[in-house]
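Please look over the sequence and the structure shown here before reading on. The briefing that follows is grouped by topic, and each group can be checked against the picture.

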Amino acid sequence: MLDLILLDFHWIQLLQPQWYIENGGLWFIVFAVFAETGLFVGFFLPGDSLLFVTGIFSNDLVQKGLGIHINSSFVNLVMLGIVISLAGIMGNFVGYWFGKKSGPFLFERKDTFFFKKKYLLQAKDFYDKHGGGAIVMARFIPIVRTFAPIVAGIVQMENKKFTFCNIAGSLAWVFSMLFAGHYLQQFILKVFNFDLKQHLEIIVLGIVLVTTVPIFLKLLLDKKKNNKKNPVN
């Protein structure tokens, strides 16, 4: 079975939520969430859309992944949410630990073309002021959620504060995405007779747009503000 998966594997499939569900099920999803929230190499994984689609297939994933047969979608979603949230929490702890261990080295490092200590100090000031909120909000922002715990460790964010925000952020992110996927699927199927399971590409595209467009808009606005403050002569 594994040989067949590897033979048909293409890297682009890592961006497709249905690939994880069809080839690895629940535990593949758990690993993907852990990797995206704790490892540098996981920044490109489809966290939001993967959780959303997981919510749609929640009943099947619980039965096959946990071997539990419960005729309650709500209970199945809660069980999935707990398992996947734990993966997200552990992932962030790994990123935080890595950042904390490498932090002293970075603070002692001399400035180079690619590294400026002032940016690290600015990040520390930001976390001192908004650290808790930053860790929670980062869960909902692609790429940022991968590096946020690492930066928190680098700037020596307080352990208790990070732990609380890590747990709160993971629970909020995972449960909101799972419940949104499941109940939106049920609503659309009932009202419009449109099965999202047959049109997963629309979901992925929609979530990508929703999560990335605001980031690009903010970058664009920031660039315009900087241009106004520093006009070119």
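Is Asn193 buried or exposed? Asn193 counts as exposed, because its relative accessibility is 65% and the cut-off for that word is over 50%. The model examined here is a predicted one, and the points below move from two loop residues to a charged network, then to the nonpolar cores, and lastly to a patch on the surface.

**Two loop residues with positive phi**

- Most residues other than glycine have a negative phi, and the two residues in this group can be read against that background.
- Asn193, which sits in the loop between H9 and H10, has a phi near 55 degrees, which is a positive value in a residue that is not glycine.
- Gln156 lies in the loop between H8 and H9, and its phi is also positive, near 60 degrees, although this residue is not glycine.
- Gln156 is partly exposed, since its relative accessible area is 39%.

**Arg145 and the salt bridges**

- The structure holds two salt bridges, and they are described here one after the other.
- In one salt bridge, Arg145 pairs with Glu36, and the closest N and O atoms are 2.9 Å apart. Because Arg145 lies in helix H8 (residues 144-154) and Glu36 in helix H3, this pair ties together parts that are 109 residues apart in sequence.
- In the other, the side chains of Arg145 and Asp48 meet with an N to O distance of 3.2 Å. This pair also links distant parts of the chain, with Arg145 in helix H8 and Asp48 in helix H4, 97 residues apart.
- Through shared partners, the salt bridges join Glu36, Asp48 and Arg145 into one network.
- How can we tell whether the charged partners are buried or exposed? Arg145 is buried because its relative accessible area is 2%, a value that falls under the 20% cut-off. Glu36 is buried as well, with a relative accessible area of 1%, and Asp48 is likewise buried.
- The side chain of Arg145 also reaches the backbone oxygen of Arg139, at a distance of 2.7 Å.
- When neighbours within four places in sequence are left aside, the contacts of Arg145 include Thr37, Gly47, Asn92, Ala138, Phe140 and Trp173.

**Helix H4 and the nonpolar cores**

- Helix H4 is mostly covered, for ten of its ten residues are buried; among them are Gly47, Asp48, Leu50, Leu51 and Phe52.
- The largest nonpolar core has 33 residues, and those with the most contacts inside it are Tyr20, Ile29, Val33, Leu51, Phe57, Ile84 and Ile203.
- Several elements give two or more residues to this core, namely helix H2 (17-23), H3, H4, helix H5 (58-65), helix H6 (73-108), helix H9 (159-192) and helix H10 (200-229).
- Which element gives the largest share of this core? That share comes from H3, which supplies six residues.
- Not counting residues up to four places away in sequence, Tyr20 touches Gln13, Leu14, Gly25, Phe28, Ile29, Ala32, Leu45, Pro46 and Leu50.
- Apart from the largest core lies another one, which has eleven residues, including Ile135, Ala148, Ala152 and Val155.

**A nonpolar patch on the surface**

- A nonpolar surface patch of about 950 Å² is made by Ile12, Leu15, Phe40, Val41, Phe43, Phe44, Trp97, Phe98, Ile143 and Phe147.
- Phe40, one of the residues of this patch, is found in the loop between helix H3 (25-38) and helix H4 (47-56). Phe40 counts as partly exposed because its relative accessibility is 39%.
- Phe147, another residue of the patch, has its place in helix H8. At 30% relative accessibility, Phe147 too counts as partly exposed.
- Which residues does Phe147 contact, once its neighbours within four places in sequence are left aside? Phe147 is in contact with Phe40 and Phe43, which also belong to the patch.
- Phe147 and Glu36 are 111 residues apart in sequence, yet their C-alpha atoms are 9.3 Å apart in space.

Technical notes:
Residues numbered from 1 in each chain as written. Predicted model: local features only at pLDDT ≥ 70, side-chain atom pairs only at ≥ 80, totals over all residues. Heavy atoms only, no water. Patch = residues over 30% accessible without salt bridge, like charges linked within 9 Å, V, L, I, M, F, W, Y side chains within 5 Å. Areas by Shrake-Rupley, 256 points an atom, 1.4 Å probe, with all protein chains shown as cover. Salt bridge = Lys/Arg side-chain N within 4 Å of Asp/Glu carboxyl O. Helix = DSSP H or I, 4+ residues; strand = E, 2+ residues; numbered from the N terminus. Buried < 20%, exposed > 50% of the residue type's maximum accessible area, 1.4 Å probe, protein only. Core = buried A, V, L, I, M, F, W, Y, C linked by side-chain atoms within 4.5 Å. Contact = heavy atoms within 4.5 Å. Polar contact = N/O pair within 3.5 Å; in protein donor to acceptor, adjacent residues only side chain to side chain.
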